[in-house]
There are 2 protein chains.
Amino acid sequence: MSQTVDRALSILPLLAEGPANLEQVATRLGVHKSTALRLLRTLHEHGMVYRQQDQRYRLGARLFALAQEAVENLDVREIAHPHLVTLNERCGHTVHLAVYEENEVLYIDKVESRYPVRMYSRIGKPVAITVAAVAKLLLADLPEPERRALAERLTYPAYTARSTPNAAAFLKELATVREQGWATDFGGHEESINCVGAPIRGTDGRVVAACSVSAPNVVVSAEELLSLLPLVRRTADEISREYSGGGPASASVSHASQNPPK
Amino acid sequence: MSQTVDRALSILPLLAEGPANLEQVATRLGVHKSTALRLLRTLHEHGMVYRQQDQRYRLGARLFALAQEAVENLDVREIAHPHLVTLNERCGHTVHLAVYEENEVLYIDKVESRYPVRMYSRIGKPVAITVAAVAKLLLADLPEPERRALAERLTYPAYTARSTPNAAAFLKELATVREQGWATDFGGHEESINCVGAPIRGTDGRVVAACSVSAPNVVVSAEELLSLLPLVRRTADEISREYSGGGPASASVSHASQNPPK
DNA sequence: ATTCCGGTTGCAATCTCTGCAACGTTCATT
DNA sequence: AATGAACGTTGCAGAGATTGCAACCGGAAT
């Protein structure tokens, strides 16, 4: 929309990969050196980029400060966190919290497993949207046309033999998830990792976030993990209640209805 | 420098205070609604701001993802190296950089002394953890339980008469180091070699690395070496500052009001 | 229905940004 | 010392992106 700002913002992800000098930035942006210089200077004035001694640029402290505020603004996270910790204390496995935003599902919180096994995931990073339990929960609640449009737009990587193969299968799975009010991922992303999740709803009954418990086969079988479902759902419901109950605005319905208003 | 980018970036700290709608943003920016709208749209496309259901804007998740990625790509060694070289140029002695990892303290960089006498150490090699100045600095910052557990687990070789004799003495020494913010090793590893060091900290204040200057008695006495402490500390602080993104970003928010509505 | 409020869009003027080319530094090579 | 290369920096004029305006919507409240 705005060429100048567009270019300036494009510099940031580029620098996130690692420090770069003026010419590298200019080349990758496809603009003249002097143009890149002026953009970088503006970013610099705002503390978004920093210039190291060797004159190369990297992301600046202001960005970190803003990022900090950005997460704090995701107030679901604040409310949910203690509940997630409790959940982790009770079952011992890795607990995730995720939200849907702009065609992506993002992890916004995580409590590490107390078992030695570690699984890869990163706060702020988009999740494997076609297979993750939390993704299914969040997408299942989208308005029907949007959900379908998104499903068509996605690609369906075959992470494992049990990955969701295509849009049709995905939509069917979402319907099931929507119906039952919980979701699983049994080896759809990584062969040996299973996952069960439940939705967190706001005052209006819409799904605002989703939480899940993940564990590798070597620690618990899929059935054992599934036995934790009631606990996971209870946790999600508690978060929903607290999330909706907060303000004096309209503390009406405390238990979220299964069928959100259209 | 660039008006458009300047204005766009000024929106971010503004939203960090809390969600705002279009008109609020336009007013606080001192521009026309339509201008603000277009800036916000561009920010939106880059995921820097997010639009909630009530159409108000808030900071977006991409900010967080960017910061996360940047932190992961940070390399202490790369940033520290030029500073270490400068330190070496100023004092002439051997300069070391070390990190703590998996119950060990490892040298990850070294600038050789310019005096003919050199000391033995090798990049990548674990240091004498119970006596080295850098080790004391790194361990002093560990969480209390972990620090104690580690201290108990270690063995205390009597390299010299002045080597740390046991866990109790070591923990006491660590407390001192933690308190004063610097550390020494006077002949604890090799009778004739002394050493002073200072901690390098990340954004969150945690010690991420430590640097030190080492020299044999025959070149400088312990007191003379200690007189270099301010220089060593200053170097460590400079590295810290650069590592955490250039200090408290003095975001000179130039007010966008050069072109007021007539 | 009407009014208000806030967001959105098309347009012309113009102000800002761009690319260029020349210049300044630093560093390595001859 | 001199030469050259590499890279960052600056002044300028032209071009095109950006701006403010005013009109237009769409929903909410009256």
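1. Let's start inside chain A, bearing in mind that this is a predicted model. In strand 7 of chain A, A:Ala209 is the bridge partner of A:Ile200. Helix 6 of chain A, residues 133–140, packs on the sheet there and touches strand 3, strand 4, strand 5, strand 6 and strand 7 of chain A. The direction of helix 6 makes about 160° with that of strand 7 of chain A.

2. Now for the two partners of strand 7 in chain A. With strand 6 (residues 193–201), strand 7 pairs in the antiparallel sense over nine bridges. One pair to look up on screen is A:Val196 with its bridge partner A:Val213. With strand 3 (residues 94–101), strand 7 of chain A is again antiparallel, this time over five bridges. Here you can find A:Ala98 bridged to A:Ala210. As a reminder, strands of a sheet pair through backbone hydrogen bonds, either parallel or antiparallel.

3. How buried is strand 7 of chain A? Nine of its ten residues (207–216) are buried, so the strand is largely enclosed by the rest of the structure.

4. Stepping back to the whole sheet in chain A, you have an open sheet of five strands in the order 4-3-7-6-5, with antiparallel pairing. The edges are strand 4 (104–111) and strand 5 (183–186) of chain A, each of which pairs on one side only. From one strand to the next, the twist averages 25°.

5. Chain B has its own open sheet of five strands, with the order 4-3-7-6-5 and antiparallel pairing. Strand 4 (104–111) and strand 5 (183–186) of chain B are the edge strands, pairing on one side only. Ignoring direction, neighbouring strands of this sheet are turned by 25° against each other on average.

6. Within that chain B sheet, strand 6 (residues 193–201) and strand 7 (residues 207–216) run antiparallel and are joined by nine bridges. If you want a pair to check, B:Cys195 has B:Ser214 in strand 7 of chain B as its bridge partner. Helix 10 of chain B (residues 229–243) packs on the sheet and touches strand 6 and strand 7 of chain B. The direction of helix 10 makes about 25° with that of strand 6 of chain B.

7. A quick stop at a histidine: A:His83 sits in helix 5 of chain A, residues 75–91. Is A:His83 buried or exposed? Its relative accessibility is 16%, so A:His83 counts as buried. Leaving aside neighbours within four places in sequence, A:His83 is in contact with A:Thr235, A:Glu238, A:Ile239 and A:Glu242.

8. On to the DNA, beginning with strand C. It is surrounded by 21 residues, and the closest are A:Thr35, B:Gln3, B:Thr4, B:Leu22 and B:Leu37. By class, this surface has four nonpolar, ten polar and seven charged residues. Both chains take part: helix 1 (3–16) and helix 3 (33–45) of chain A, plus helix 1 (3–16), helix 2 (22–29) and helix 3 (33–45) of chain B, each supply at least two residues. Helix 3 of chain B gives the largest share, five residues.

9. What does the protein touch on DNA strand C, backbone or bases? Of the strand C atoms within 4 Å of the protein, 62% belong to sugar or phosphate and the rest to bases. Two phosphate contacts go through the protein backbone: a backbone N or O atom of B:Leu22 lies 2.8 Å from a phosphate oxygen, and a polar backbone atom of A:His32 is 3.3 Å from a phosphate oxygen. On the base side, an N or O atom in the side chain of B:Lys33 is 3.0 Å from a base nitrogen of strand C.

10. DNA strand D has 24 residues around it, with A:Gln3, A:Thr4, A:Leu37, A:Arg41 and B:Thr35 coming nearest. Sugar and phosphate account for 60% of the strand D atoms that come within 4 Å of the protein. The surrounding residues divide into five nonpolar, eleven polar and eight charged. Here the largest share, five residues, comes from helix 3 of chain A.

11. Finally, three side chains of chain A to inspect at DNA strand D. An N or O atom in the A:Arg41 side chain is 2.8 Å from a phosphate oxygen, and one in the A:Ser2 side chain is 3.0 Å from a phosphate oxygen. A:Lys33 reaches a base instead, with a polar side-chain atom 3.2 Å from a base nitrogen of strand D.

Definitions and conventions: Residues are numbered from 1 along each chain as its sequence is written. Chains are lettered from A and ligands numbered from 1 in the order in which they are written. This is a predicted model: local features need pLDDT of at least 70, side-chain atom pairs count only at pLDDT 80 or more; totals for chains, interfaces and linings use all residues. Side-chain values use heavy atoms; hydrogens and water are left out. A residue is near a molecule or strand if one of its heavy atoms lies within 4 Å of it. A polar contact is a pair of N or O atoms within 3.5 Å; within protein, one must be able to donate a hydrogen and the other to accept it, and residues adjacent in sequence count only if both atoms are side-chain atoms. Helices (H or I, at least four residues) and strands (E, at least two) are DSSP runs, numbered from the N terminus. Ala, Val, Leu, Ile, Met, Phe, Trp, Tyr, Cys and Pro count as nonpolar, Asp, Glu, Lys and Arg as charged, and the others, Gly among them, as polar. Buried means under 20% relative accessible area, exposed over 50%, partly exposed in between (1.4 Å probe, protein chains only). Two strands pair if DSSP finds at least two bridges between them. Axes are lines fitted to C-alpha atoms, for helices over the stretch in contact, and angles run from 0 to 180 degrees between N-to-C directions. Contact means heavy atoms within 4.5 Å.
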